[in-house]
Amino acid sequence: MDDYPLLNLFWTMLELFLFILWFFLLFKIISDIFRSHDMGGWGKAGWLIFVILLPFLGVFVYLIVRGRSMGERDVAQAKEADAAFKAYVKEAAGTEGGGGGSGGHVDELAKLADLKNSGAISEEEFRKAKEKLLA
């Protein structure tokens with residue numbers, strides 16, 4: 001390692017980084033080809049063959065031709081995932097977004113705790129109401 005200059009070490013690290021970045025981009029484009037709904041089977045097959053047989057040219061042409069729609073699909077997928085996560089959290093917490101629904105166990109428990117803290121109900125009444133609510 002003594003005869004390997006520091007600048008060559010930095011150059012090797014840059015080449016390794018670009019190599020990993022290239023594969024990340026290649027896999028990102030291949031996954032985008034398959035998740036695109038506006039392209040038919042033959043179009044997907046054509047792009048895939050182009051990207052695999054001529055990787056550098058295929059990737060760059062794909063980014064130029066379909067780069068904007070690739071970004072739009074990423075944003076749409078992120079919005080769908082966010083909406084699904086929010087729906088899951090609401091379902092897990094037991095609350096519904098609109099008023100007049102079940103109200104949820106969390107809200108009811110909070111109201112019971114407030115009543116107990118204010119002295120409106122006793123500890124025994126609180127315990128019975130909590131058991132009834134959670135049953």
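A residue counts as buried here when its relative accessible area is under 20%, as exposed when that area is over 50%, and as partly exposed in between. Keep those cut-offs handy for the views below, which all come from a predicted model.

**View 1. Trp22 and Phe60 pair up across two helices.** Trp22 has a relative accessible area of 16%, so this residue is buried. Its ring partner Phe60 comes in at 45% relative accessibility and therefore counts as partly exposed. The two rings sit 6.1 Å centre to centre with 55° between their planes, which makes the pair tilted. What you're looking at is a link between distant parts of the chain: Trp22 belongs to helix α1, Phe60 belongs to helix α3 (residues 55–93), and 38 residues separate them. This is one of six aromatic pairs in the structure.

**View 2. Three phenylalanines make a cluster.** Here the spotlight is on Phe19, Phe23 and Phe27, which together form one aromatic cluster.

**View 3. Helices α1 and α2 side by side.** Helix α1 covers residues 6–35 and helix α2 covers residues 41–53; their axes are 9 Å apart and the packing angle is about 165°. Since an angle over 145 degrees counts as roughly antiparallel, α1 is roughly antiparallel to α2. The crossing of α1 past α2 is left-handed. From α1, the residues making the contact are Leu26, Ile29, Ile30, Ile33 and Phe34, and α2 answers with Lys44, Trp47, Leu48 and Val51. Sort the residues of this contact by type and you get eight nonpolar, one charged and no polar.

**View 4. Helix α2 meets helix α3 at a slant.** The axes of α2 and α3 are 5 Å apart, and the two helices pack at an angle of about 135°. That angle makes α2 oblique to α3. On the α2 side, look for Trp47, Phe50, Val51, Ile52 and Leu53; on the α3 side, for Pro55, Leu57, Gly58, Val59, Val61, Tyr62, Val65 and Arg66. The tally for this contact is 11 nonpolar residues, one polar and one charged. Trp47 and Val51 may ring a bell, as they also take part in the contact of α2 with α1.

**View 5. Tyr62, tucked away in α3.** Tyr62 sits in helix α3. Buried or exposed? With 0% relative accessibility, Tyr62 counts as buried. Setting aside neighbours within four places in sequence, Tyr62 touches Ile29, Asp32, Ile33, Trp47, Gly67, Met70 and Arg73. Among these, Ile29 and Ile33 belong to the α1 side of the contact with α2, and Trp47 to the α2 side. For a sense of scale, the C-alpha atoms of Tyr62 and Leu6 are 37 Å apart in space, with their positions 56 residues apart in sequence.

**View 6. Helices α4 and α5 run against each other.** Helix α4 (residues 105–118) and helix α5 (residues 123–134) have axes that come within 10 Å and cross at roughly 175°. These two helices are therefore roughly antiparallel to each other. In α4 the contact uses His105, Glu108, Leu109, Leu112, Ala113 and Lys116, while α5 brings Glu123, Phe126, Ala129, Lys130, Leu133 and Leu134. By type, that contact splits into seven nonpolar residues, four charged and one polar.

**View 7. Leu109 and Leu134, zoomed in.** Which residues does Leu109 contact, leaving aside neighbours within four places in sequence? The list is Lys130, Leu133 and Leu134. Leu109 is in helix α4 and counts as partly exposed at 26% relative accessibility. Leu134, in helix α5, has a relative accessible area of 52%, so this residue is exposed. Along α5, Leu134 and Glu124 are 10 residues apart in sequence and 15 Å apart in space, C-alpha to C-alpha. Going the other way along the chain, the C-alpha atoms of Leu109 and Asp74 are separated by 40 Å, with the residues 35 places apart.

**View 8. Asp107 in helix α4.** Asp107 is also found in helix α4. Its relative accessibility is 37%, so Asp107 counts as partly exposed. From Asp107 to Ala93 the C-alpha distance is 9.5 Å, and the two are 14 residues apart in sequence.

Key
Residues are numbered from 1 along each chain as its sequence is written. This is a predicted model: local features need pLDDT of at least 70, side-chain atom pairs count only at pLDDT 80 or more; totals for chains, interfaces and linings use all residues. Side-chain values use heavy atoms; hydrogens and water are left out. Axes are lines fitted to C-alpha atoms, for helices over the stretch in contact, and angles run from 0 to 180 degrees between N-to-C directions. Helices (H or I, at least four residues) and strands (E, at least two) are DSSP runs, numbered from the N terminus. Angles under 35 degrees count as roughly parallel, over 145 as roughly antiparallel, 65 to 115 as roughly perpendicular and the rest as oblique. A crossing is left-handed if the near helix is turned anticlockwise from the far one by less than a right angle, and right-handed if clockwise. Contact means heavy atoms within 4.5 Å. Ala, Val, Leu, Ile, Met, Phe, Trp, Tyr, Cys and Pro count as nonpolar, Asp, Glu, Lys and Arg as charged, and the others, Gly among them, as polar. Rings of Phe, Tyr and Trp (its six-membered ring) pair if their centres lie within 6.5 Å; planes under 30 degrees apart count as stacked, over 60 as edge-to-face and the rest as tilted. Buried means under 20% relative accessible area, exposed over 50%, partly exposed in between (1.4 Å probe, protein chains only).
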